[in-house]
Amino acid sequence: MTDTGQRNRPQETLSKESPDEAVGKSSTTKRGGGDPAGRGRTTIADGVVEKIAGLAARDVDGVHAMGGGLARTFGAVRDRVPGGSSSKSVSRGVKAEVGEVQTALDLEIVVEYGVSIADVARDVRENVIGAVERMTGLEVVEVNIAVSDVKLPDEEDDEPQGRLQ
């Protein structure tokens, strides 16, 4: 056949049996053959990886917040405005560069006073790499962590508490 609609379809074995005769027979014809992963392309947006990494980093004990002080303040204000997007707060402090098979991440965190920054950074790195690789299938080539602040026990949060006036 030279019909363009038929050109890319898998070939089927044609039978001269009537549909009634073929009902009782098992078919050994496989459709599509080959690995399903090779039948299309999946792309993952930077924002998806940023959200996964942000949630994974926040799960680590000793991480008080994500992002620098000013970014956290503006983000908290934006989150409290009706109609404001809370999804941006999930990825606050995270920057991802996503390629076809690899990704690199930069995280900015605030740690709690009294914790080992080296241990927290190691735990964040392990948790983020595990979550991103498990969920996306991308290889995480690096996770750079910048500790921008330490949350002191008697210090108030930079984020406003309560309603905006």
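Is Gly99 buried, partly exposed or exposed? The exercises below start from this question.

**Conventions**

This is a predicted model, in which local features need pLDDT of at least 70, side-chain atom pairs count only at pLDDT 80 or more, and totals for chains, interfaces and linings use all residues. Residues are numbered from 1 along each chain as its sequence is written, and side-chain values use heavy atoms, with hydrogens and water left out.

**Exercise 1. Classify Gly99 and place it in the chain.**

Step 1. Buried means under 20% relative accessible area, exposed over 50%, and partly exposed in between (1.4 Å probe, protein chains only).
Step 2. Gly99 has a relative accessible area of 40%, so Gly99 is partly exposed.
Step 3. Gly99 sits in the loop between strand 2 and strand 3. Helices (H or I, at least four residues) and strands (E, at least two) are DSSP runs, numbered from the N terminus.
Step 4. Gly99 and Glu139 are 40 residues apart along the chain, and their C-alpha atoms are separated by 9.6 Å.

**Exercise 2. Describe the protein chain as a whole.**

Step 1. The protein chain has 5 helices and 4 strands, and their order from the N terminus is α-α-β-α-α-β-β-α-β.
Step 2. The protein chain has 165 residues, of which 25% count as buried.
Step 3. The accessible surface of the protein chain is about 11,700 Å², with 49% belonging to carbon and sulfur atoms. Accessible areas come from the Shrake-Rupley method with a 1.4 Å probe; for residues, only the protein chains shown count as cover.
Step 4. Contact means heavy atoms within 4.5 Å. Among contacts between residues at least 6 apart in sequence, 73% join residues at least 24 apart.

**Exercise 3. Check the length of helix 2 and find its buried residues.**

Step 1. Helix 2 covers residues 46–58, which is 13 residues.
Step 2. The expected span of a helix is 1.5 Å times one less than its number of residues.
Step 3. For helix 2 the span should be 18 Å, and the end C-alpha atoms are 18 Å apart, so the two agree.
Step 4. The buried residues in helix 2 include Val49, Ile52, Ala53 and Ala56.
Step 5. Ala53 in helix 2 is buried, with a relative accessible area of 0%. Beyond its neighbours within four places in sequence, Ala53 is in contact with Val94, Leu105, Val128 and Val132.
Step 6. Ala53 and Asn127 lie 74 residues apart in sequence, yet 8.3 Å apart in space, C-alpha to C-alpha.

**Exercise 4. Which elements supply the largest nonpolar core?**

Step 1. A nonpolar core is a set of buried Ala, Val, Leu, Ile, Met, Phe, Trp, Tyr and Cys residues joined through side-chain atoms within 4.5 Å.
Step 2. The largest nonpolar core has 24 residues, and Leu105, Leu107, Val124, Val128 and Val132 touch the most other members.
Step 3. Helix 2, strand 1 (63–66), strand 2 (94–98), strand 3 (102–112), helix 5 and strand 4 (139–151) each supply at least two residues of this core. Helix 5 gives the most, with 6 residues.
Step 4. Leaving aside neighbours within four places in sequence, Val124 is in contact with Ala57, Val60, Val63, Leu107 and Ile145.
Step 5. In soluble globular proteins, nonpolar side chains tend to be buried together.

**Exercise 5. Trace the salt bridges.**

Step 1. A salt bridge is a side-chain nitrogen of Lys or Arg within 4 Å of a carboxyl oxygen of Asp or Glu. The whole structure contains 2 salt bridges.
Step 2. Asp119 pairs with Arg122 in a salt bridge, the closest N and O atoms being 3.1 Å apart. Both residues lie in helix 5, 3 residues apart, about one turn of the helix.
Step 3. Arg122 also forms a salt bridge with Asp123, with the closest N and O atoms 3.2 Å apart. Salt bridges that share partners join Asp119, Arg122 and Asp123 into one network.
Step 4. Asp119 is partly exposed at 36%, Arg122 is partly exposed at 40%, and Asp123 is partly exposed at 29%.

**Exercise 6. Describe the surroundings of Thr136.**

Step 1. Thr136 lies in helix 5 (residues 117–136) and counts as buried at 16% relative accessibility.
Step 2. The Thr136 side chain reaches the backbone oxygen of Val132 at 2.5 Å and the backbone nitrogen of Leu138 at 3.1 Å.
Step 3. Not counting residues up to four places away in sequence, Thr136 touches Ile44, Val49 and Ile52.

Terms used: Polar contact = N/O pair within 3.5 Å; in protein donor to acceptor, adjacent residues only side chain to side chain.
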